[in-house]
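This report describes one protein chain for a reader who has not met it before. The sequence and the structure come first, and the description follows.

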Amino acid sequence: MALSVPAISLNGAAPRCEHIDGLEPVRPGSADCRDCQDRPDRPAALVVCLSCGWVACSDDSPNHHARAHYEETNHPVAAGLHPGTRGRWCYVHQRLV
């Protein structure tokens with residue numbers, strides 16, 4: 001009986017997500033959610049699109065601009081903007097990757 005060895009995943013312990021394959025490093029396009037700049041309700045957290053560098057407020061914020069960016073562009077993966085933020089969110093799979 002042969003033992004199968006799991007392939008090393010770029011996802012770490014998370015289930016494999018092909019949406020992170022081939023992502024190139026991006027530079028955040030701003031330090032804040034441009035769509036929230038003039039609003040009194042500040043974002044809870046900011047994320048950066050790993051396809052283009054667009055910075056937007058997360059789904060934990062009242063305006064959900066990162067989700068709107070995904071729906072407009074189909075860019076599937078975002079990560080926390082601030083250092084120390086762990087994990088990447090795949091909008092297609094609706095989970096951390």
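## The helix and its packing

The buried residues of α1 pack against β1 and β2. Here contact means heavy atoms within 4.5 Å, and buried means under 20% relative accessible area, exposed over 50%, with partly exposed in between, using a 1.4 Å probe and protein chains only. Helices (H or I, at least four residues) and strands (E, at least two) are DSSP runs, numbered from the N terminus.

This is a predicted model, in which local features need pLDDT of at least 70 and side-chain atom pairs count only at pLDDT 80 or more, while totals for chains, interfaces and linings use all residues. Residues are numbered from 1 along each chain as its sequence is written, and side-chain values use heavy atoms, with hydrogens and water left out.

Which residues of α1 are buried? They are His 65, Ala 66, His 69 and Tyr 70. Seen down the axis of α1, these buried residues fall within an arc of 150°, so they line one face of the helix; the arc is that of the directions from the helix axis to the C-beta atoms. Glu 71 and Glu 72, on the other side of α1, are exposed. After α1 comes Asn 74, which has a positive phi, near 65°.

## The chain as a whole

The chain has one helix and five strands. From the N terminus on, the order of these elements is β-β-α-β-β-β. Of its 97 residues, 33% count as buried. Among contacts between residues at least 6 apart in sequence, 46% join residues at least 24 apart. The accessible surface of the chain is about 6,400 Å², and 54% of this belongs to carbon and sulfur atoms. Accessible areas come from the Shrake-Rupley method with a 1.4 Å probe.

## The sheet

The five strands form an open sheet in the order β2-β1-β3-β4-β5, with antiparallel pairing. Its edge strands are β2 and β5 (95-96), each of which pairs on one side only. Two strands pair if DSSP finds at least two bridges between them.

β1 and β2 run antiparallel and are joined by three bridges. They form a hairpin with five residues between them, and Gly 53 in the turn has a positive phi of about 90°. β1 is also joined to β3 by three bridges, again antiparallel. On the far side of β3, strand β4 (residues 88-90) pairs with β3 in the antiparallel sense over three bridges. The table lists residues that stand opposite each other in these pairs.

| Residue | Opposite residue | Strand of the opposite residue |
|---|---|---|
| Val 47 | Ala 56 | β2 |
| Cys 49 | Ala 78 | β3 |
| Val 48 | Ala 79 | β3 |
| Val 77 | Cys 90 | β4 |

In a regular strand the side chains alternate between the two faces of the sheet. Both faces of β1 are covered: Leu 46 and Val 48 are buried on one side, and Val 47 and Cys 49 on the other.

## The nonpolar core

A nonpolar core is a set of buried Ala, Val, Leu, Ile, Met, Phe, Trp, Tyr and Cys residues joined through side-chain atoms within 4.5 Å. The largest one here has 20 residues, of which Cys 33, Val 77 and Val 97 touch the most other members. The elements that give two or more residues to this core are β1 (46-49), β2 (55-57), α1 (65-73) and β3 (77-80).

Leaving aside neighbours within four places in sequence, Val 77 is in contact with a list of residues that includes His 19, Ile 20, Leu 23, Val 48, Trp 89 and Val 97.

## Two residues outside the helix and strands

Ser 61 is placed in the loop between β2 and α1. Is Ser 61 buried or exposed? With a relative accessibility of 3%, Ser 61 counts as buried. Not counting residues up to four places away in sequence, Ser 61 touches Pro 43, Ala 44 and Ala 45. A polar atom of its side chain lies 3.5 Å from the backbone nitrogen of Ala 45.

Arg 27 is in the segment before β1. At 74% relative accessibility, Arg 27 counts as exposed. Arg 27 and Ser 51 are 24 residues apart in sequence, and their C-alpha atoms are 9.9 Å apart in space.

Technical notes: Polar contact = N/O pair within 3.5 Å; in protein donor to acceptor, adjacent residues only side chain to side chain.
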